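Hi,

Here is the structure I promised to pass on. Have a look at it first, then read my notes below.

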Amino acid sequence: MRTKTLAVLVLTGAWGLSAFAAQPQDAASKDSTAGVDKSVELLRQDIRSNKKQLIAANLTLTDAEATKFWPVYDQYAAEMTKLGDQKYALIKEYAQGFGTVTDAQAQSLLNRTLSLDESIAQLRIKYVPMINNVLPGTKTATFFQIDRRLTGLMDLQIASQIPLVQQQN
């Protein structure tokens, strides 16, 4: 039950992020961008906290493993956060231009999104041996399963809230 509750919190937070970022903005709402950015940052911190709690609830670690794993996880999460910043910036750019996105802008957004996807995959590849140095293989695989599932759920929730480019006309 605890796991389901945390999963709901993570998804609710992801929806909130998408609701802030994916809405087309008019001139008046652009003036409040700093306030929205602050709200989104607080929401993202909450999502990261819930994600860590969910991982802790589902990844069975000994005390010795936990002592070694969590500092590595924190490094991984910090690097993933930087990529999340880029993802948010792309969503925000799309939302600000919604209704006027040109073919060239759409192609640029697509290319940068695909590059970001590649960077996320490369980050995971980088951390597999680092985590495998502090956890056995089965627990390393379990961690990355949990991480990918949570990320996939959040990405699906966010994507479902972002209007398709063709819908801008």
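Start with Tyr73: its relative accessible area is 4%, so this residue counts as buried, the cut-off being under 20%. Keep in mind that this is a predicted model. Trp70 is buried too, because its relative accessible area of 18% also falls under 20%. You'll find both Trp70 and Tyr73 in helix H4 (residues 63-97), where they sit three residues apart, or about one turn of the helix.

Now for the rings. The structure holds 11 aromatic pairs. In one of them, the ring centres of Trp70 and Tyr73 are 5.3 Å apart and the planes meet at 80°, so the pair is edge-to-face: anything over 60 degrees counts that way.

Next, try Tyr76 and Tyr127, both of which are buried. How are their rings arranged? The centres are 5.2 Å apart and the planes are at 70°, so Tyr76 and Tyr127 are edge-to-face as well. This pair ties together distant parts of the chain, since Tyr76 belongs to helix H4 and Tyr127 to helix H5, 51 residues apart. Zoom out a little and you can pick out one aromatic cluster, formed by Phe69, Trp70, Tyr73, Tyr76, Tyr127, Phe143 and Phe144.

On to the helices themselves. H4 and H5 pack with their axes 11 Å apart, at an angle of about 180°. That angle is over 145 degrees, so H4 runs roughly antiparallel to H5. Plenty of side chains are worth clicking on here: on the H4 side the contact includes Phe69, Val72, Tyr76, Met80, Leu83 and Leu90, while on the H5 side it includes Leu109, Leu116, Ile120, Leu123, Tyr127 and Ile131.

H5 also gives you a nice check to do by hand. With 30 residues at 1.5 Å a residue, H5 should span 44 Å, and its end C-alpha atoms are indeed 44 Å apart, so the two agree. Which residues of H5 are buried? They are Leu109, Leu116, Ile120, Leu123, Arg124, Tyr127 and Ile131, and they pack against H4 and H6.

Leu110, also in helix H5 (residues 103-132), is another story. Its relative accessibility is 42%, which lies between the 20% and 50% cut-offs, so Leu110 counts as partly exposed. Leu110 is 20 residues from Leu90 in sequence, and their C-alpha atoms are 9.5 Å apart in space.

You can repeat the length check on helix H6 (residues 137-161): its 25 residues at 1.5 Å each should span 36 Å, and the end C-alpha atoms are 36 Å apart, which agrees. The buried residues in H6 include Phe143 and Phe144, along with Thr140, Ile146, Asp147, Leu150, Thr151, Met154 and Ile158. Phe143 and Phe144 are two you've already met in the aromatic cluster.

Finally, the whole chain. How many helices and strands does it have? There are six helices and zero strands, so to speak an α-α-α-α-α-α pattern when you read along the sequence. Of the 169 residues in the protein chain, 36% are buried. The chain exposes about 9,800 Å², with carbon and sulfur atoms supplying 58% of that area. And if you take the contacts between residues at least 6 apart in sequence, 80% of them join residues at least 24 apart.

Cheers

Terms used: Residues numbered from 1 in each chain as written. Heavy atoms only, no water. Helix = DSSP H or I, 4+ residues; strand = E, 2+ residues; numbered from the N terminus. Expected span 1.5 Å × (residues − 1). Buried < 20%, exposed > 50% of the residue type's maximum accessible area, 1.4 Å probe, protein only. Contact = heavy atoms within 4.5 Å. Areas by Shrake-Rupley, 256 points an atom, 1.4 Å probe, with all protein chains shown as cover. Phe/Tyr/Trp six-rings, centres within 6.5 Å; stacked < 30°, edge-to-face > 60°. Axes fitted to C-alpha atoms, helices over the stretch in contact; angles between N-to-C directions. Parallel < 35°, antiparallel > 145°, perpendicular 65-115°, else oblique.
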